[in-house]
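Subject: Structure for you to look at

Hi,

Here is the structure I promised to pass on, with the sequence alongside. Have a look at it first, then read on for what turned up.

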There are 2 protein chains.
Amino acid sequence: MQLSERKEKILAAIVEWYIATGEPVGSKTLLEYIHIPVSSATIRNEMAELSRLGFIEQPHTSAGRIPSQIGYRYYVDKLMNRYELPINEKRLIEARLSDAGGEPQQILEQAGQVLAELTNCAVVSTTPTDENAVIRRVELVPLGTHTAMMVMLSSSGILKSRVCRTDSELNLELIETFYNIVSKHFIGKSASEVSIALIQTLALSLGSKSLAISPLLVALSDLAQLTEQTQLLLEGQSNLLNYTDYPNAYELMEFLRRGEPLTNLFAGHKAENNTNVLIGKENFYRELQDSSLIYSHYAVGGKDSGALGLIGPTRIDYARLIPSLKYLTEIVGKIMSDTLED
Amino acid sequence: MQLSERKEKILAAIVEWYIATGEPVGSKTLLEYIHIPVSSATIRNEMAELSRLGFIEQPHTSAGRIPSQIGYRYYVDKLMNRYELPINEKRLIEARLSDAGGEPQQILEQAGQVLAELTNCAVVSTTPTDENAVIRRVELVPLGTHTAMMVMLSSSGILKSRVCRTDSELNLELIETFYNIVSKHFIGKSASEVSIALIQTLALSLGSKSLAISPLLVALSDLAQLTEQTQLLLEGQSNLLNYTDYPNAYELMEFLRRGEPLTNLFAGHKAENNTNVLIGKENFYRELQDSSLIYSHYAVGGKDSGALGLIGPTRIDYARLIPSLKYLTEIVGKIMSDTLED
DNA sequence: GTTAGCACTCTAATGACGAGAGTGCTAAAC
DNA sequence: GTTTAGCACTCTCGTCATTAGAGTGCTAAC
């Protein structure tokens, strides 16, 4: 639907005023805010029309208007002019990310923290995934006679480790056997190929050594799973408590903590537009239907790998947040690509 | 101060009732709850006395009584009988911790989650520290021609890693030089000895190779710092939102997120009793003065290494939570010791 | 030392009321 | 045909008075 220019101006003003103040806007207030040479009555007529069309709504008769979900949508799609990020915010982002340390997870943690500070929203992000990733390296670092730390590195830069205990002594022979198996059966394979079945078959084929080495193989399979799993990172949740108009923060925070739904959401929309905005009821999950979710995928080595998302009330400053998120995802992608590059 | 037996009975009843219901208790209600063959008037007299002594207080004239901080303290110190943990909770704890994977951080995360679920409180924990810990092993895993992942393992079982980039090519010679330096100057030293000065001196002494190797040494120093630093882990923060009587959850959650104050608190009281309870204003930090903090140190290899803490409103079920926390810290200590044991 | 009884105090809930904000509509003006 | 002034209307919010109920402290009797 296309609105008249004046209606657009009025709608934009309502959205921006409401975002800024949190108060419903009346025709008089609006008149002061936008400079159109008409009277409040005219504005009222236009507002009545906008109401009828569903772009704004009234909490109650004697209150002003607030944008409806449709109103926000129209604003985001057509009216909003995106601010350029101020140079000092860009610098801040770059500075904070540059000393994050090179692991994807650390980069995302830092990115999440910066973004949370900058936006006063909750920030979620998913660790990079790559269906074509393969196991690149496995290291076994002995800690004691019966314990060792196993480290697995994937071609997409994910590093996972865990301590494992063996029942029999962890001697050189055992370690060598392990490395042989690894380089023969695991290096270069994708993590998802490391099935329980494969592990069992291998263990059996080793005969007498089977018992000694099986704890190591189990650990290996655990690590493969961990490597493959997308993780959801969460920052700035407590920011959500600052929005007094938030209905039940607990439910939302628990939803974010659970993580899987969002992970799936991000994974599912990978192909789409660069930055997506889901407003209120546009969200599939009930827990998000009082919020807006803005998310954007970052690319590692030219391929979409994971996403960063912002969550706040529907009344957030879209015009400011969208560029911030966009810039950050670009930087995150760039840094991760740099680290991986051979 | 020593109260008469009847006063103690009444105080205990007030505390327990208030913990259970959240409602101030009146003399009549109390009469039904405790079975003492006296009238409500007698109870009233006793309650008046307890009020005078500061053990209980009245939100307003026509309300019942609630325990004061002093009242809680007396209850915790003298009246409360600690419940034995039900066997199924013990089993749950053990089960959840057994598949945590062996790294301290993972164990603590799991422990925190279980405890948060069991208690409906926020759980904090500090990673183990050991002033005598030394660098046990450093590994450099090449990822590309100019990048590598460095892994540092301390004798207390802490594993830290980071990616580092070198300006010049990461060839075998460079790697060998690095390992030589490491084994000569770093292995067996405590992380705190890895000063910037030492790093600079070493880099200088290498002459022409200095430039090539310095990124590696910087990474090493970063890792040493990370290894030494105590980390504060946080679970179940959103539980705090369920207590409607909580004044400003935001402030508290930000305080927990910041972490250092609690880290210091735990570090400072290491020598004391096994389990400590700080009620309301007994807490040094303003942000905690509406809460109670229960914490307990876990021992790795017989030495206090870190702590787990529970945070909730002063109105929490001390009799149930203290044993839960205590049991969990024991198990955590045991598991960590097992993993470390040679 | 204990108890019954009672006056007293305070909260929470309820309803009445007026001020204020904002609207929609109508009729006149441009 | 659009715009505007004016006005009646509606609804919220704060204030105030009133009431019911809970719980107390005190006194006098046991």
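On the surface near DNA strand C, the elements that each supply at least two residues are α3 (40-53) of chain A and α3 (40-53) of chain B. The largest share, four residues, comes from α3(B). Please keep in mind throughout that this is a predicted model.

There are 21 residues around DNA strand C, and S27(A), R65(A), T42(B), T61(B) and S62(B) come nearest. Of the atoms of strand C that come within 4 Å of the protein, 74% are accounted for by sugar and phosphate. By residue type, the surface near strand C has six nonpolar, 11 polar and four charged residues.

A few individual contacts to strand C may be handy when you open the model:

- R44(A) places a polar side-chain atom 3.2 Å from a base nitrogen of DNA strand C.
- S62(A) has a backbone N or O atom 3.1 Å from a sugar or linking oxygen of DNA strand C.
- S39(B) has a polar backbone atom 2.9 Å from a phosphate oxygen of DNA strand C.

Now for the other strand. DNA strand D is surrounded by 21 residues, of which S39(A), T42(A), T61(A), S62(A) and S27(B) are the closest. Sugar or phosphate makes up 73% of the strand D atoms within 4 Å of the protein, and bases make up the rest.

Contacts to look at here are these:

- S39(A) has a backbone N or O atom 2.8 Å from a phosphate oxygen of DNA strand D.
- R44(B) has a side-chain N or O atom 3.2 Å from a base nitrogen of DNA strand D.
- R65(B) has a polar side-chain atom 2.9 Å from a phosphate oxygen of DNA strand D.

Two or more residues of the surface near strand D come from α3 of chain A and from α3 of chain B. In this case α3(A) gives the largest share, four residues. The surface near strand D divides into six nonpolar, 11 polar and four charged residues.

How are the two protein chains related? A turn of 180 degrees, with a shift of 0.0 Å along the axis, lays chain A on chain B with an RMSD of 0.1 Å. That is the relation of a two-fold axis. The copies meet through the same surface, because 100% of the interface residues of chain A are also interface residues in chain B.

As for the interface itself, 33 residues of chain A are in contact with 34 residues of chain B. About 3,000 Å² is buried between the two chains, with carbon and sulfur atoms giving 57% of that area. On the chain A side, L143(A), S238(A) and Y250(A) lose the most area to chain B, and together they make up 17% of what that side buries.

Which parts of chain A supply at least two residues each to the side that touches chain B? They are β4 (135-142), β5 (147-154), β6 (159-165), α10 (249-258) and α12 (318-340). That side of chain A has 11 nonpolar, 12 polar and 10 charged residues. Even so, the rule finds zero salt bridges across the interface of chain A and chain B. It does find four residue pairs in polar contact there, with both residues at pLDDT 80 or more.

Best wishes

Definitions and conventions. Residues are numbered from 1 along each chain as its sequence is written. Chains are lettered from A and ligands numbered from 1 in the order in which they are written. This is a predicted model: local features need pLDDT of at least 70, side-chain atom pairs count only at pLDDT 80 or more; totals for chains, interfaces and linings use all residues. Side-chain values use heavy atoms; hydrogens and water are left out. Contact means heavy atoms within 4.5 Å. Buried area is the accessible area (1.4 Å probe) that two parts lose on being put together, summed over both. A salt bridge is a side-chain nitrogen of Lys or Arg within 4 Å of a carboxyl oxygen of Asp or Glu. A polar contact is a pair of N or O atoms within 3.5 Å; within protein, one must be able to donate a hydrogen and the other to accept it, and residues adjacent in sequence count only if both atoms are side-chain atoms. Ala, Val, Leu, Ile, Met, Phe, Trp, Tyr, Cys and Pro count as nonpolar, Asp, Glu, Lys and Arg as charged, and the others, Gly among them, as polar. A residue is near a molecule or strand if one of its heavy atoms lies within 4 Å of it. Copies are superposed by least squares on the C-alpha atoms of residues with pLDDT of at least 70 in both.
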